[in-house]
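Visitor: I would like to go through this structure by question and answer. Please keep to what can be read from the model.

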Amino acid sequence: QVQLVESGGGLVQAGGSLRVSCVASGRTISAYSTGWFRQAPGKEREFVAGITRSGGSTFYQDSVKGRFTISRDNAKNTVYLQMKSLKPEDTAVYYCAAAEKVWIPTLRGAYKYWGQGTQVTVSS
């Protein structure tokens with residue numbers, strides 16, 4: 001019903017900033033609560049940030065609080081993750097996901113639709 005495409009990943013130095021984007025097509029992104037997850041090699045996919053349909057509430061993993069900001073522009077069918085003060089341990093593939101029913105922000109199984117991911121690499 002909805003397709004998600006991430007972009008904006010790349011290579012940055014520690015302490016730098018990067019913004020990744022998730023563009024939805026097929027359905028308006030406003031119909032979905034959305035989140036960002038990340039997965040590093042050899043590790044499980046983990047919750048990073050989530051945002052409600054209207055953008056009124058946000059949720060963050062403790063390790064990124066104060067550094068990352070999730071936002072959405074429903075008019076552009078886009079969800080963003082602004083990452084600042086990046087650390088090497090932030091290196092991972094970042095995935096955008098959307099949930100259409102009852103939503104538990106941190107739970108991977110709550111999300112039905114997933115993008116293919118965008119690589120973020122932070123050098124020391």
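Guide: The questions below concern a predicted model, taken strand by strand and then by salt bridges.

Visitor: Which strands form the open sheet, and in what order?
Guide: The sheet has four strands, and their pairing is antiparallel. β1 (3-7) and β7 (68-73) stand at the edges with a single partner strand each, so one side of each has no neighbour in the sheet. Neighbouring strands are turned by 15° against each other on average, direction ignored. The order is β1-β3-β8-β7.

Visitor: Within that sheet, how many bridges pair β3 with β8?
Guide: β3 covers residues 18-25 and β8 covers residues 78-83. Their pairing is antiparallel, and R19 has Q82 as its bridge partner in β8. The number of bridges is six.

Visitor: Is C22 buried or exposed?
Guide: C22 is in strand β3. Leaving aside neighbours within four places in sequence, C22 is in contact with L4, V5, E6, W36, N77, T78, V79 and C96. Buried requires a relative accessible area under 20%. The value for C22 is 0%, so C22 is buried.

Visitor: How far apart in space are C22 and V5?
Guide: In sequence, C22 and V5 are 17 residues apart. V5 is nevertheless among the contacts of C22. From C-alpha to C-alpha the distance is 5.4 Å.

Visitor: Which residue has its backbone nitrogen 3.1 Å from a polar atom of the T118 side chain?
Guide: T118 is found in strand β11 (residues 118-123), and T118 is buried, with a relative accessible area of 10%. Beyond four places in sequence, T118 touches residues including E6, S7, G8, G9 and V20. The backbone nitrogen in question belongs to G9.

Visitor: How many of the residues of β5 are buried?
Guide: Strand β5 runs over residues 46-51 and is mostly covered. β5 is joined to β4 (residues 33-39) by five antiparallel bridges and to β6 (residues 58-60) by three, also antiparallel. Of the six residues of β5, the number buried is five.

Visitor: Which residue has a positive phi in the turn between β5 and β6?
Guide: The β4 and β5 hairpin has six residues between its strands, and G42 in that turn has a positive phi of about 80°. β5 and β6 also form a hairpin with six residues between them. In β6, T58 stands opposite I51. The residue in the turn, with a phi of about 85°, is G55.

Visitor: Which residue is both the bridge partner of R38 in β5 and joined to R38 by a salt bridge of 2.8 Å?
Guide: R38 is buried at 5% relative accessible area. The salt bridge partner at 2.8 Å, N to O, counts as partly exposed, at 32% relative accessibility. The bridge partner of R38 in β5 is E46, and the salt bridge at that distance is likewise with E46.

Visitor: Which residue forms a salt bridge with R38 at 3.0 Å?
Guide: The pair links distant parts of the chain, 52 residues apart: R38 is in strand β4, and the partner is in the loop between β8 and β9 (92-99). Both residues are buried. R38, E46 and R67 belong to a network of salt bridges together with this partner. The residue is D90.

Visitor: Which residue forms a salt bridge with K112?
Guide: The closest N and O atoms are 3.1 Å apart. Both residues lie in the loop between β9 and β10 (113-114), so the pair ties together parts twelve residues apart in sequence. The partner is partly exposed, with a relative accessible area of 31%. The partner is E100.

Notes: Residues numbered from 1 in each chain as written. Predicted model: local features only at pLDDT ≥ 70, side-chain atom pairs only at ≥ 80, totals over all residues. Heavy atoms only, no water. Helix = DSSP H or I, 4+ residues; strand = E, 2+ residues; numbered from the N terminus. Buried < 20%, exposed > 50% of the residue type's maximum accessible area, 1.4 Å probe, protein only. Polar contact = N/O pair within 3.5 Å; in protein donor to acceptor, adjacent residues only side chain to side chain. Contact = heavy atoms within 4.5 Å. Pairing = 2+ DSSP bridges. Axes fitted to C-alpha atoms, helices over the stretch in contact; angles between N-to-C directions. Salt bridge = Lys/Arg side-chain N within 4 Å of Asp/Glu carboxyl O.
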